[in-house]
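Here are a few friendly notes to read alongside the model. Take them one at a time and find each residue as you go.

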Amino acid sequence: MIERIGGSSLPYELQTQGGGASVSGGTFGDLLRQRMEQLGTGQQAAPSVEFSKHAQQRAQERGIEMTDDLMTQLANSVEKAQEKGAKNILVFDASRAFIVNVPQNRVITAISQEEMQDNVFTNIDGAVLLK
């Protein structure tokens, strides 16, 4: 049965699934933050970078290996570019390059070392050198 609540605020409980613990009082944001801390996820997750279908195909065709280290470097590059206000960046090292759309955290294309030679990169407003 649904009852209408008047102008007074009533205390409430948020029953968690599986743990059986309850959290009383506070705003939704406070409750969410407290629950995330209980679960050990209070820290903000590092931004992840996705590959467009085109970039996935190009990386595979060009033999560019996607390692966890590379994905972390790309994510860090995007984070740095966001701080500077860049929209499209070239992320590169001696053997490969990636064009990344910063607002969408998306790799648009992947380029091998052979293709980088004598190439001109356009429509970018920043570049990040991988270590």
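1. A word on terms before we start: helices here are DSSP runs of H or I with at least four residues, numbered from the N terminus. With that in hand, you can place M36 in helix α1, which covers residues 28–39. Please keep in mind that this is a predicted model.

2. Now look at the surface. M36 joins F28 and L32 in a nonpolar patch there, and together the three have about 300 Å² of accessible area. Why does M36 count as partly exposed? Its relative accessibility is 31%, and the partly exposed class lies between under 20% (buried) and over 50% (exposed).

3. Move on to helix α3, residues 68–84. Its 17 residues reach 25 Å from first C-alpha to last, close to the 24 Å expected at 1.5 Å a residue. After α3 comes G85, with a positive phi near 85 degrees.

4. Which residues of α3 are buried? They are L70, Q73, L74, A75, S77, V78 and A81. These buried residues pack against strands β3, β4, β5, β6 and β7.

5. The largest nonpolar core has 20 residues, and L74, I89, V91, F98, V100 and V107 touch the most other members. At least two residues of this core come from each of α2, α3, β4, β5 and β6. The biggest share is from α3, with five residues.

6. Try V91 as a worked example: leaving out residues up to four places away in sequence, its contacts include L74 and S77, as well as F98, V100 and V128.

7. Finally, look for a second, separate core of five residues, among them L90, A97, I99 and I111.

Notes. Residues numbered from 1 in each chain as written. Predicted model: local features only at pLDDT ≥ 70, side-chain atom pairs only at ≥ 80, totals over all residues. Heavy atoms only, no water. Patch = residues over 30% accessible without salt bridge, like charges linked within 9 Å, V, L, I, M, F, W, Y side chains within 5 Å. Areas by Shrake-Rupley, 256 points an atom, 1.4 Å probe, with all protein chains shown as cover. Salt bridge = Lys/Arg side-chain N within 4 Å of Asp/Glu carboxyl O. Buried < 20%, exposed > 50% of the residue type's maximum accessible area, 1.4 Å probe, protein only. Expected span 1.5 Å × (residues − 1). Contact = heavy atoms within 4.5 Å. Core = buried A, V, L, I, M, F, W, Y, C linked by side-chain atoms within 4.5 Å.
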